[in-house]
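Subject: Structure for your review

Dear colleague,

Please find below the structure that I am handing over to you. I would be grateful if you would keep it open while reading the notes beneath it.

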Amino acid sequence: MSAFPPTHLPCYPHTLRSPHGRLLDLRRPQVMGILNLTPDSFFAGSRVASEHDLLARAEAMLAAGAAVLDLGAYSTRPGADDIPEPEEARRLLPAVELLRKEFPDAFLSADTFRAGVAEAAVQAGADLVNDVGGGTLDAEMFATVGRLRVPYVLMHLRGTPQTMAQLTHYDGDIVLELLRYFRDRLVALRAAGVVDVLLDPGFGFAKTPAQSHELLRRLPELQAVGLPVLAGLSRKRLVYGPLGLGPEAALNGTTALHMVALQGGARLLRAHDVAEARQTVDLFANTFPLAE
C-alpha cells in the first residue's frame, strides 16, 4: 500500500479568477515565485536590486514555470522594522505597474497586510492579495478585497511581525487552533463578499520550528476546510535550523519539505527557487497522478 494514499491528494475543481480576467488553475499544484522589494528580507538572494533586476528575475521565474509572481515590499522576518504605509506603497506599486506592462498575462500577487496598499496594487494590476495578517492587522482588509472581488490568501498569524516570535505558546492542539481561526475568519470573509480564498498555515509565523514541522506533518487535516492550501516553506528556519545551516544553504532542504507539503495536499508552493519547486511539482504529479 502506498505511504501516501489518495485521500491525501484532494482535487479542487477550483480556479481563481482575477478582477482583471486572468485565471489561476489550482486543480493541479502550482508555484508562486517570490520577488522581494525590501532591502532586509531574511534571504539576501531574494532581494530585488533594480528595475532591470526585477524584470530579469520575473522573466526567469515565468520561464521556469511560475504560475504566480508574489511581490512584497514589507519584510515580515522576525525583528524587521515596521515601515510606514507610504514607503511600502512607494516600493510596491511601481513594481506591479512595471510587471503588468512587461508581462501582461502574468498572474501577479501583492504581498501586503494593509488594505490601502492592497487596493492600490489591485488597481495597478495585481490579481491576488496575499495577507500575512489574515485581516487581523487591518480591519478594512476583508471589506476591501470583497469590494474588489480579488482572490485572497488567508494566513494564520498571532500578533504582528514584530511580536510574533514571543507568541508561540498554544494551550491546546495547534491544528485545532488553526481550524478554528480559519473557520471564524472565513465567516467574516464570506460576509464581506470574498469568493476565492486560499489558506496559508503561516509556517514560522508565531510558530517554533517544531510547531511548523508538526503543522507540515498534519497538513492533510486542513483539507477539512475545503479550500486550497498555500505552503510558504522556502528557505525558512524550519528548513535550515535542524540542519545547522543558514538560508543560503537551504535549497535542498526546501525541496524535501516541498514534497512533504505536496503529499499533504498543498496546491501552491511559495518559493524563492522556482525551477526546483516546479521540478518537485512535476515529479509529484508523475508519481501521484491527479484527476483532472
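The notes below cover one pocket and three helix pairs.

Please bear in mind that this is a predicted model.

The pocket

The second largest pocket has a volume of about 240 Å³. Its lining consists of 11 residues, and those closest to the centre are L37, S50, E51, R91 and A95. Two helices, α1 (51–64) and α2 (85–102), each provide at least two residues of this lining. The greatest contribution comes from α2, with 5 residues. By class, the lining of the second largest pocket comprises 7 nonpolar, 1 polar and 3 charged residues.

α1 and α2

The two helices named above also pack against each other: the axes of α1 and α2 come within 11 Å and cross at roughly 50°. Angles from 35 to 65 degrees count as oblique, and α1 is therefore oblique to α2. The crossing of α1 over α2 is right-handed. On the α1 side the contact is made by E51, L54, L55 and A58, which meet A95, L98, L99 and E102 of α2. This contact has 6 nonpolar and 2 charged residues, and no polar ones. Two of the residues in it, E51 of α1 and A95 of α2, are also listed among those closest to the centre of the second largest pocket.

α2 and α3

On α2 there is a further contact, with helix α3 (residues 115–124); the axes of α2 and α3 are 9 Å apart, at an angle of about 15°. Angles under 35 degrees count as roughly parallel, so α2 and α3 are roughly parallel to each other. Their crossing is right-handed. From α2, the residues E85, E88, A89, L92, L93, V96, E97 and R100 take part, and they meet G116, V117, A120, A121 and A124 in α3. The contact of α2 with α3 divides into 8 nonpolar, 1 polar and 4 charged residues.

α8 and α9

Further along the chain, helix α8 (residues 251–263) and helix α9 (residues 274–287) have axes that come within 10 Å and cross at roughly 35°. Here too, α8 passes α9 in a right-handed crossing. The residues of α8 in this contact are L251, T255, H258, M259, L262 and Q263, and their partners in α9 are E276, A277, T280, V281 and F284. By class, the contact of α8 with α9 has 6 nonpolar, 4 polar and 1 charged residues.

With kind regards

Terms used: Residues numbered from 1 in each chain as written. Predicted model: local features only at pLDDT ≥ 70, side-chain atom pairs only at ≥ 80, totals over all residues. Heavy atoms only, no water. 1 Å grid on protein atoms, 1.4 Å probe; cavity = no way out; pocket = protein on both sides within 12 Å on 5 of 7 lines; lining within 4 Å. Points joined across faces, edges and corners; volume = space filled by probe spheres on them. Helix = DSSP H or I, 4+ residues; strand = E, 2+ residues; numbered from the N terminus. Nonpolar A, V, L, I, M, F, W, Y, C, P; charged D, E, K, R; others polar. Axes fitted to C-alpha atoms, helices over the stretch in contact; angles between N-to-C directions. Left-handed = near helix turned anticlockwise from the far one by under 90°. Contact = heavy atoms within 4.5 Å. Parallel < 35°, antiparallel > 145°, perpendicular 65-115°, else oblique.
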